[in-house]
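Work through the exercises below with the structure in view. Try each task before you read its solution.

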Amino acid sequence: MSRNIWVSILLVLILLASIAGERGVKAAESPGTLNPACSNDETGDDQVHRVYYNSLEEIKELNSYDLFEFNNLAEKYVLVAATDSEIRAIQSMGFLTALDEEQTSNYHKLDQLAGHQGLQTLPSPYNCYRTVEELYDYGAALASAYPNLAEWIDVGDSWEKSVGQSDGYDMFVLRLTNETITGDKPKLFITASIHAREYTPAELAARFAGYLIENYETDADVHWLLDYHEIHIMFTANPDGRKEAEGGAEWRKNTNENYCGATSPNRGADLNRNFEFKWNCCGGSSGSQCAETYRGPSAASEPETQAIQNYMTAIFPDQRGDPLNMPAAKDATGIYIDLHSYSRLVLWSWGFSSTLAPNGIDLRTLGRKFAFFNNYSPSPSWSLYITDGSTEDFAYGRLGVAGYCFELGDQFFESCTTFENNILPGNLPALIYAAKAARTPYMTPAGPDSINLALSQNTVIPGAIVTLTGQINDTRYKSGSGEAAQPIAQAQYSVDVPYWDPAYAPVELLPADGVFNAVSEDVTVTIDTTGWLPGRHILFVRGKDNANNWGAVSAVFLTVEFPLFLPLLVK
């Protein structure tokens, strides 16, 4: 159906609604009230509108507007924050639009911070979110308190810092690893809140860092991850813009005053359209300086982009050739995740093209694995809409690193209750899994998970017999995503030595029911600790399916202690 027909239908609906005295209609899948008249004459503020499209290609025409990273594929609409004049311009292009009052209300929650520019702590009920200063203080404090596990690294400057403004920021990364264990380690790199108004990503990144540090001595999985991996976390990839958002602005871009006017609230560049790989290639960004998706005047023109790109190329090897259809090697290493909000999505390359990426099948498998944990919708980035110059496309396209974007939650400014009870518990396990898969992200996710590990005793005397139980499960992908499960074929454990170490000496675990033939198998083995040295040992467990895919490792601690008494001598 053509747009002109849709517009005619809209006008009829408006007339009927007026006659009936109705103000709007309810959307089929959203509780937000729709106002087809799109009037905002009372306030003049931006309001959030649904903009309906016929094909994904048409969304490119909206790049000059504040286009949210949201797409209702079932009803075929995107969300745009727009003034009256802007929405009339969008309508004149032939789009059907409708005011979404619920999303508008959510969007303007940031207004509650107006007048608090420069604050050091966010007010209740949003005090679960740390400001830039609090995030930076936290990263520095972790590095100071745990020097063998954490390092706080200055990797570049924000735009304001780069031009000598006193309120600019350094760009910091928190590097987490056990420094006493050396060698080349697989790496997970996380950036957050590259779009300034997106609050939950920065806090999730900080909570993930804290979780790893706080659980290193008590959680066997965290312990081996930090022993044998490097986890790099940039709490905020756009600190200048974030500070504007903390003052109540619906700020997305950096604050570069060379674009759109030095004092304009629309100044700056969209850092997630500024990366050099496929910059300005495919209609996935705007050339208008005042647009929210302004890509900048040239690839990687922004100092924040340069800092992230340079850091990526410093920590990750280049594992993919220049031809667009050339895959990274199957055993390529490294994962990059860019945390955004909102839409409850797990996205991967490509974003600039609907063509399947060379490692697309394996990227999809890992994406569906992430979605098992956070219950988000997994899909390639282009299915949201076409973007170019994005972070995950740079990671994969330039370096062959498995690159992802998580779109967290349902609002830019989630309540602390939603963050604490939903976003955090759903996404922490996904990030833990990312660290587990970072050694071979194009291989490990196809294999079964080792879960529910338990010992009959966690602390024993030398010579004690211990029973280890667990489950090897090949079904842990987002339900209904289409990922195939294979029967379990094998399970192994090792003591203190992981499978990639030349000294690896695996012992087989047995199926509890006597035969490996199901996609999920309970496993067990008895362990004789005779001859074990006293101290805490770590048991590594992994499983394999009958397609010969080994899955991610899980671990459990077993401590051997001598009795705390001496035998009495009787005369």
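The exercises go from the whole chain to a helix, a sheet, and then the pockets and cavities; the model is a predicted one.

**Exercise 1. The whole chain**

Task: Find how many helices and strands the chain has, and what share of its residues is buried.

Solution:
- Step 1. Count the elements. The chain holds 12 helices and 23 strands.
- Step 2. Check burial. Buried means under 20% relative accessible area. Of the 571 residues, 59% count as buried.
- Step 3. Look at the surface. The accessible surface is about 22100 Å², and carbon and sulfur atoms own 53% of that area.
- Step 4. Look at contacts. Take those between residues at least 6 apart in sequence: 75% of them join residues at least 24 apart.

**Exercise 2. Helix 8**

Task: Work out why helix 8 (residues 239-246) is described as largely enclosed.

Solution:
- Step 1. Go along the helix. Pro239, Asp240, Gly241, Arg242, Lys243, Glu244, Ala245 and Glu246 are buried.
- Step 2. Draw the conclusion. Eight of the eight residues are buried, so helix 8 is largely enclosed by the rest of the structure.
- Step 3. Find the cover. It includes helix 4 (132-145), helix 5 (159-162), strand 8 (170-176), helix 6 (199-214) and helix 9 (303-315).
- Step 4. Step past the end. Just after helix 8, Gly248 has a positive phi of about 105 degrees.

**Exercise 3. A sheet of four strands**

Task: Give the strand order of the open sheet of four strands, then find which strands stand at the edges.

Solution:
- Step 1. Recall the principle. Strands of a sheet pair through backbone hydrogen bonds, either parallel or antiparallel.
- Step 2. Read the order. The sheet runs 15-17-21-20, with antiparallel pairing.
- Step 3. Find the edges. Strand 15 (449-455) and strand 20 (510-511) each have a single partner strand, so one side of each has no neighbour in the sheet.
- Step 4. Take one pair. Strand 17 (residues 465-473) and strand 21 (residues 520-528) pair over nine bridges, in the antiparallel sense. Ile465 stands opposite Asp528 in strand 21.

**Exercise 4. Two pockets**

Task: Describe the largest pocket and the second largest pocket by volume and lining.

Solution:
- Step 1. Start with the largest pocket. Its volume is about 580 Å³. It has 30 lining residues, and Phe70, Asn71, Asn72, Ser343 and Arg344 lie nearest its centre.
- Step 2. Name the elements. Strand 4 (66-72), strand 5 (77-82), helix 3 (101-107), strand 12 (345-348) and strand 13 (377-380) each give two or more residues to this lining.
- Step 3. Sort the lining. It has 10 nonpolar, 12 polar and eight charged residues.
- Step 4. Turn to the second largest pocket. It contains about 410 Å³ of space. Its lining has 22 residues, with Asp46, Tyr107, Pro265, Asn266 and Glu292 nearest the centre. By class, eight are nonpolar, four polar and 10 charged.

**Exercise 5. Closed spaces**

Task: Find how many cavities of 30 Å³ or more the structure has, and which residues line the second largest cavity.

Solution:
- Step 1. Count. There are three such cavities.
- Step 2. Take the largest cavity. Its volume is about 90 Å³. Its lining includes Glu69, Asn272, Arg273 and Cys405. The classes are four nonpolar, four polar and four charged.
- Step 3. Take the second largest cavity, with about 40 Å³ of space. Gln103, Asn106, Tyr107, Leu110, Tyr342, Gln411, Phe412 and Phe413 line it.
- Step 4. Sort this second lining. Five residues are nonpolar, three are polar and none is charged.

Methods: Residues are numbered from 1 along each chain as its sequence is written. This is a predicted model: local features need pLDDT of at least 70, side-chain atom pairs count only at pLDDT 80 or more; totals for chains, interfaces and linings use all residues. Side-chain values use heavy atoms; hydrogens and water are left out. On a 1 Å grid over the protein atoms alone, a cavity is a set of points where a 1.4 Å probe fits but cannot get out, and a pocket is an open set with protein on both sides within 12 Å along at least five of seven lines; lining residues have an atom within 4 Å of a point. Grid points are joined across faces, edges and corners, and a volume is the space filled by probe spheres set on the points. Ala, Val, Leu, Ile, Met, Phe, Trp, Tyr, Cys and Pro count as nonpolar, Asp, Glu, Lys and Arg as charged, and the others, Gly among them, as polar. Two strands pair if DSSP finds at least two bridges between them. Buried means under 20% relative accessible area, exposed over 50%, partly exposed in between (1.4 Å probe, protein chains only). Contact means heavy atoms within 4.5 Å. Accessible areas come from the Shrake-Rupley method with a 1.4 Å probe; for residues, only the protein chains shown count as cover.
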